[in-house]
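I opened my notebook to get to know a new structure, one look at a time. Here is what I looked up, in the order I went.

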Amino acid sequence: LGAVLLLAMPPLLFVYRWALACGSRAETALAASSAEANGRVLEYIAAQPVLRATGRSELGSAMLEQSLMEQRQAERRSQHLLFPAALGFTVAAQLAYALLLAIGLRQVLAGTLDVPALLATLIVATVLAEAMAAVVHTGAALRLVAHTLRQFDGVLAERELPVLALPGRVPEQGAPAVEARDVRVRRDGRPIVDAVSLEIAQRSLTVLAGASGSGKTTLLQLLCRQLDPDSGVLLAGGVDMRTNDDAALAKLATPMFQHTWLLPASLRDNLSLGRQIVAQDLLAALSAAGLASLAQSLPQGLDTVVGEGGWTLSGGERQRLAFARALLKPAPLMLFDEPLSALDAISERRAIATLADLARTHAVVVATHRLAIAAQADQILVMQSGRIVERGTHVQLLRLGGVYSGMQRQAGQARGWHLGV
C-alpha cells in the first residue's frame, strides 16, 4: 500500500502543476481585463462634463459597456481554464484513493493484510487527500498574491536617478541658484527640450513664457531634477545637481505643478503634509494664495476633509490650495507651473504680488502663458518647440518686436474683446 501511495504522488504532482499553470494564465488575463475596466469606469466618470457638453454621452457609455463585457468574458474564460484543471486534480486524487482501497481490500481477503492496518492506511490517505485539496486552494490564493507582487516588482524595478559622488564640492558663493548648459530631452524621437542654456539668479523672478506644449513644464522638471536630461548638465549653486540625493533636492527646490493631487484628508493635512505647522502660518499661506475666507466658510475650518482629489473644492480653489502648500515649504529655488491659469482677476493680482514678494528672498521661476506677471520679471525666457527663442526683460522683448511682443499683442486683443450689441 505504501508503494501505491508513492506511485500516486507523481501523477498528482503533475496534475497539480498543470492546474497551477492554467490558473496563472487565467489570473493574468483576468487582471488585465479588470484593470482596463477600472480605468474605463474612472475615465467615464471624469469625462462626464465633456461628454455631456458635446452630446457624446452614448460614446462614453458604449466604450464603458464594451470594457465591462470584455471583463465578463475574461472571467468566463478564467473559469473555463480553471474548472478542467480543478476537476482533473480531484479525479486523479479520487482514482488514487479508489486504487488504494481496491488493493487494500484484495489483500485483506487474501489474508496478507489485517483490517486495522487497512483502516490506518485509509485514514492516512484521507488526511493526505485533504492536505492536497488545501494545497490546491492555497495555490489559488498564492497566485493572486504572486500577481500583486509582480506588479509591485514592476514599480520597484524602476531605476532611481543616480547620485554622483563628488566629495568636497560645495555651492559657490554668488553662483546662480540654478544653471542649465545645453540640456536636451527627447521623447519618442521628438525633442521636448532642445539645446536649452539658462541661468536663474538668486533672489530673482524668471518667467517662462510660451504656448502649451512648448516645453515649459519639462524644463521645470529638469530644474528640480524630477528627471535627468538626455544630454547637457544642470548646476545648483555651481555644483552638478546629480550630486544631490532626494533629501538634498527637497531642501533645494519646491515645485508646484499645474496638475496637483490633493489628499482625501483635511485642509490642514493637505497644507502641512505631515509637518508640524501652526494654524497661524497655515492661515497666512491661505491668505497669500487668496483663500483667506475658505477656512472660515468650511464647516470644520482647517479640519474639514476636502474629499478625494479635493472634489469638494472648485478648480480655482484647488489650484490656490496647491499654491499655498508651496508657500509653506520655502526653498532657495521656487518653481511654479501655470499658477495663474485658473484664477480670477482679483486672485491673479494677489498671486502676482505674492510671487514678486517671494522673489526678493528666493529664486522664483514661473511657467505661464498668461503674461500679466511678465512686466515684473527680472528675465523672461520665451519658449517655442522646446527651445528658448527669446530672452530679456519685458521692455527689451517688446522693443524686439518678436514672439513675445506678438503674445502680448494677442493678450491685449483678448482683454479688449466683447460681444457686439
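**Entry 1: a strand from both sides.** I began with strand β3 and noted that this is a predicted model. I asked which way its side chains point: Ser204, Thr206 and Leu208 go one way, while Leu205, Val207 and Ala209 go the other way. Are these residues buried or exposed? I found all of them buried. That makes six of the six residues in β3, residues 204–209, so the strand is largely enclosed by the rest of the structure.

**Entry 2: the partners of β3.** Next I looked for the strands that pair with β3. One partner is β8, residues 363–368, which runs parallel to β3 and is joined to it by six bridges. The other one I noted is β9, residues 379–384, also parallel to β3, with four bridges. I picked Val207 as my landmark here: it stands opposite Val366 in β8, and Val207 also stands opposite Ile380 in β9.

**Entry 3: stepping back.** I then wanted the whole picture. I counted 13 helices and 10 strands in the protein. Of its 421 residues, 40% are buried. I also checked how far along the chain the contacts reach: among those with a separation of 6 or more, 70% are between residues 24 or more positions apart. For the surface, I wrote down about 23,900 Å² exposed, with carbon and sulfur atoms supplying 60% of it.

**Entry 4: one face of a helix.** I moved on to helix α8, residues 279–288, where I found Leu282, Ala285 and Leu286 buried. Why do I say they line one face of the helix? Looking down the axis of α8, I see its buried residues fall within an arc of 100°, so they line one face. A reminder to myself: an α-helix has 3.6 residues a turn, so residues three or four places apart point the same way. The buried residues of α8 pack against α7 (267–272), α9 (294–297) and α10 (315–327). After α8 comes Gly290, and I noted its positive phi, near 80°.

**Entry 5: a residue in α10.** Having met α10 as a neighbour of α8, I chose Ala326, which lies in α10. Its relative accessibility is 4%, and the cut-off for buried is under 20%, so I count Ala326 as buried. What does Ala326 touch, leaving out residues up to four places away in sequence? I listed Thr254, Met256, Met334 and Phe336. Thr254 is 72 residues from Ala326 along the chain, yet their C-alpha atoms are separated by 6.5 Å.

Technical notes
Residues are numbered from 1 along each chain as its sequence is written. Side-chain values use heavy atoms; hydrogens and water are left out. Buried means under 20% relative accessible area, exposed over 50%, partly exposed in between (1.4 Å probe, protein chains only). Helices (H or I, at least four residues) and strands (E, at least two) are DSSP runs, numbered from the N terminus. Two strands pair if DSSP finds at least two bridges between them. Contact means heavy atoms within 4.5 Å. Accessible areas come from the Shrake-Rupley method with a 1.4 Å probe; for residues, only the protein chains shown count as cover. The arc is that of the directions from the helix axis to the C-beta atoms.
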